[in-house]
Amino acid sequence: MAAQAEFHTMAPAFVSCQDASASSAVSLSAEAAPFSPQDSSDADKQFSHCYAKLRGLRPQSAQLRDQLNLLFDKLLSEKYNKTFNPDIAIRPEDVCTLLKHASSLVPFNQEHLVVKFCQLMHNLLNHLKVIMDELTLNVLMNYVTCALKKCSSWTHADVLLALSTVVYGNGPQCHQHLENLLGENGVLLQYSSPSQQDQELRRVSLNCMANICLRIPGQPPLDDQYRAAVCFRVFLKTLQTPKPANVEELFYCMVLQSALKGLQYCLSGGKWKFGGGEELGSVLAILKQMMFHGSPGVMVEWPSVLYPAPLPQYEGQSSPRQPETRKPPETPKNVTGRSKPSANKKRKSRGKGKKNTTAESKDEDEDVDGEETTNKQESLKEQCAGEAENVANSPALSLYPSWKQTSSDSEFSEAEGGSQSNLKLYHGRVRQTALLCLLAVVKGVEKRTLYGYWSSFIPDAPIGGPPQLTLLTTILKDSSPKVRTCALQVLSAMLDGSRQFLAVAEDLTPSRPSYTSFSFSLATAVRELHRTLSLALLAEISPQTLTQIIKCLSYLVTNAPYHRLRPGLLSPLWKQIRPYVRHRDVNVRVSVLTLYGALVTTQAPLSEVQLLLRQPEGSILGSYTPQETSLSWRQRDGMSSPNCTPVKHSPLNSHTPKEEDTSPLWLVQLCIALITRPRENQSDNEEIGTTVLEPSPVRLEALQVMSHLVRGYFSLCQSHLFEIGQVSARCLGETDPSIQLHGAKLLDELGSGIIQQYRAENNIPESQRIPINQVVTFWSEVLSGPLNAALQNEQHPTLQTSACDTLSSILPQAFAQLPDKTQLMCITVLLGLTYSENYLVKTAAVRALGIYILFPCLREDVMFVADTANTILAALEDRSPNVRVKAAWSLGNLTDTLTVNMETVGVDFQEELSDMLLLKMLQTATRASADKDRVKSNAVRALGNLLHFLQRSQLTRSVFKQPLEDAVRALVKTVQSEAMMKVRWNACYALGNAFRNPALPLESASWSHDAFSALCNVVTSCKNFKVRIKSAAALSVPTQRCCYGDTDRFICVWRALATALENSEDTNDFLEYRYSASLRHTLSQALLHLLSLSQAQDMSALANSLSGEEGRGIRVHLVKYLRAEEAATEGAEEERHGDSFTPQQRVKALEQTVVRLKGLETEVNKETVLAFLEDFLKSCEEP
């Protein structure tokens, strides 16, 4: 594993006085030469020289000690750091060889040499990022563990530092040493104990434990025996232990950061495995406390455990005077006024501790930067975030931002000021690490479990009460931009995937109830999140933090149920983020476009977003953020310099419908400008006169926004059809594959939007559709442009895939009016791409053919049908499951086309289609019905259509006999299987579809009995009501009595339907209960259908059924059916065999059944059946 830097690294040791004096003698004048890093060749030569000399030493060598001291000093004096000097060419194997050999030369009784060797081990492995082999790892582990046992305690800090470097990410590989380190009397447990007086030893031992727990991607985690049972509890106990009175705050912060980092390593990369709710509550409680460690004015009694609750938990306010051990030295007692210097100055650090602290602060100066904010940010915070501070009303719980607490120059000396700044830096590191640890908890704990703790981190109370300490407090008030960024990352992780939880939120009721419901609390939380993130957006000037704020808003917008909330949340946000599209930082611009994409995607179409999209650009640009002056690098004409004022949420301007429909969408215009127009402000290193477009991430995100906009608000975008099409064509003509891909996807969305407009079920008036001649023109231009090149670009199969999807989104009516050569080109390209070696391209091409086969202008072309069929059948044999899934779906569509042609074209089409092709389709579909469920669901659909399509002349041929039986038995097997329900109801429907073919020998075939038995069994016993509905519908398909076979089979079907009707409400699943009315409707229709076909030989069995208790139950449901008291609902789709008659038509059909039964010759039990039906008819006539 790569030995990385310990997160608190030591300063280079043993720098000679001569070196120091030489350094101080450097002239710092204007004429001095600029600083340049040391040449890597010198470092390489120095290492090679020392390496050769060290390899030549032996334990018995003369003056070994002096030579080792000299070589170690030379190696330690060099700066072997690949981070700053990546050209260093020292081989990792040479480093491993050197350290292994040196370990055999340094005896444990020479403790100064042991210390130097441990420092050398740390420097080389850490700075050169060496990946150790297993032998080196074992040798060095043996050495440092023996050194801990044999050397004096004053050496242990350096030995542990080396140990932490060696074990970094190698914990699982060091299992033979873990018992000595982490066992009951392990050295790390002893040194990390809260009773340990030497805080440096305690800190370094915690670092060792943390690095042992670190999991490198691809490596197994540390055994839970040590990770959960030992290390986790040590870290948690360290965090929960109060600061000892004799320990300086700076050292205490270093210990806390080590424990937090270890806890983060324990929690990262897996699910929560550290106990139940009590342990989780303890971790969340201490992490919440650490989130505010060192924050000025925070003086509360922290709970030891957080418990899940739907209502918010408020921290109890403490008395103004806090215990000495709980109070940070810099915390002012009077938090409402100016900060005062402490009466007692901080004690100076002792000896070694002070040196280490100074060194670590130098090495870590990049961990948390930006602590001292500019005067501009201070003024912005005061002006824009002032409304969020209700501090004056609660003096004991003041959250006055630390960057607002100013003091005169005379209050601190320079030394004290540096100490205060250093302490502030370490406080920020603790808060940052605590938030990273909380992020690991959020990612590792199940979402449903975490929802109970939301109120502890996200306020759900109306604004105006006492301020709560939550993530939003940190986002608004913490002085460190990195801490604020971490808090935003945690909040984003909590919001990610919370749509189902937040879906309960609602505050649409005009009057607030006397109690606070859970849905109202969630709605309040959403509104508070909007308010806080809006304030943070106004005040933030750090580009990294600003990017994270906007990303967090995107997560919120994606998951919040705005259709259940009072309108007005999105309008201010929409206007507020508009100026940031011109921000000088690329990441900010990309995140703004991502947020716009979320706004036009969430619950689309939203009326509030529709109104915002219709607003002219000027009304949107009338509000500015305080940072507008620095952000406006893409100035537009007519824009004046804004004032530093919050965004004014003016009501939406009113427009007439005509103005709204004809005015261009500013968001579309913005995206087009970002994609196609040159950047207005070029950097200095770009040549004057060159055309430089926006960076690729900005252009890609703009294309994504346009795709979302077209998908969700196509009616508003359709006036820009040709303009968007030209942008897509331009993108397809570029060389960047990502731009080409998104251009093709945008075309696909445009085509899909047009198709949705022309779907009959959407009921869009013709006047509101894009005229068909414009659609034809649009696709003619697209297909004559660069789309052809994309279809043939074999170097980028993903682009080919997207181009195939684009071809499949052509409106069928428009395709019919395209020139013949254009139609032929589309078909030829798709047929050819089905032979691609890339499965993605093949899948997309087969899917596109499955769509084309449904086009009215193509489905009657026998040659096209045959070519497509052969292509699909070949794809069904492909080894890729994705290809087979789409091939089965396309085969289902193709066989749907066959049945439609059978009714529209007639026998001519059936006769022109090859018998051998039909036989091949039947056999391939039968084999596919034994494939995976995703293939099987469409394979059985194809089998049903084929069995319906076959003619008597084909069925009587001997070559069809066995395939026919195999196909039916495959359907029967699927009906009876434990496959997913969609597969089973498709199989039931397929059997019903087959029963419609009068040429099938249902009365005499050997498989007929099995088919009826399977349907009867499913209709009475299947737990899924939709499967029952399909099976009942299939049993009512045959139109002749002979199809049901003898009386025994007929009565078996009757009793199965009657039993299913009696048990139609027996279910424990509410999701199934909603289909019960549809099931009774279908069963009643099936029973009346059987009565209408019954013959004399059936009367006896029917009379026995209708005269008893079973008959009375049937009568009740049949009366409701004839009166249409239970309408068919979801699940009983109206199909061609379905019952679409009115109640009067149903009664008339029943009367005809009575007349027919009266004409039967038999008198045995006929009167009983007739009496039942006549009494039944009288009941239907009663009001």
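These legends accompany an overview and close-up views of a predicted model.

**Figure 1. The whole protein, with its 58 helices and 2 strands.** Let's start with the full chain before zooming in. Of its 1183 residues, 56% count as buried. Among contacts with a sequence separation of 6 or more, 76% join residues that are 24 or more positions apart.

**Figure 2. Helices H11 and H13 packed against each other.** Here we look at H11, which covers residues 224-240, and H13, which covers residues 277-291. Their axes lie 10 Å apart and meet at an angle of about 45°, so H11 is oblique to H13. The crossing of these two helices is left-handed.

**Figure 3. The residues that join H11 to H13.** On the H11 side, the contact is made by Phe232, Leu236, Leu239 and Gln240. H13 contributes Ser282, Val283, Ile286 and Met290. Sorted by class, the contact has 6 nonpolar and 2 polar residues, with no charged ones.

**Figure 4. Glutamine 910 and its surroundings in helix H44.** Now for a single side chain: glutamine 910 belongs to H44, the helix spanning residues 907-912. Its relative accessibility is 7%, and because the cut-off for buried is under 20%, glutamine 910 counts as buried. Leaving aside residues up to four places away in sequence, glutamine 910 touches Met902, Phe949, Gln951 and Gln954.

**Figure 5. Glutamine 910 and the backbone of phenylalanine 949.** A polar atom of the glutamine 910 side chain lies 2.8 Å from the backbone oxygen of phenylalanine 949. Phe949 is also one of the residues that glutamine 910 touches.

Conventions: Residues are numbered from 1 along each chain as its sequence is written. This is a predicted model: local features need pLDDT of at least 70, side-chain atom pairs count only at pLDDT 80 or more; totals for chains, interfaces and linings use all residues. Side-chain values use heavy atoms; hydrogens and water are left out. Axes are lines fitted to C-alpha atoms, for helices over the stretch in contact, and angles run from 0 to 180 degrees between N-to-C directions. Helices (H or I, at least four residues) and strands (E, at least two) are DSSP runs, numbered from the N terminus. Angles under 35 degrees count as roughly parallel, over 145 as roughly antiparallel, 65 to 115 as roughly perpendicular and the rest as oblique. A crossing is left-handed if the near helix is turned anticlockwise from the far one by less than a right angle, and right-handed if clockwise. Contact means heavy atoms within 4.5 Å. Ala, Val, Leu, Ile, Met, Phe, Trp, Tyr, Cys and Pro count as nonpolar, Asp, Glu, Lys and Arg as charged, and the others, Gly among them, as polar. Buried means under 20% relative accessible area, exposed over 50%, partly exposed in between (1.4 Å probe, protein chains only). A polar contact is a pair of N or O atoms within 3.5 Å; within protein, one must be able to donate a hydrogen and the other to accept it, and residues adjacent in sequence count only if both atoms are side-chain atoms.
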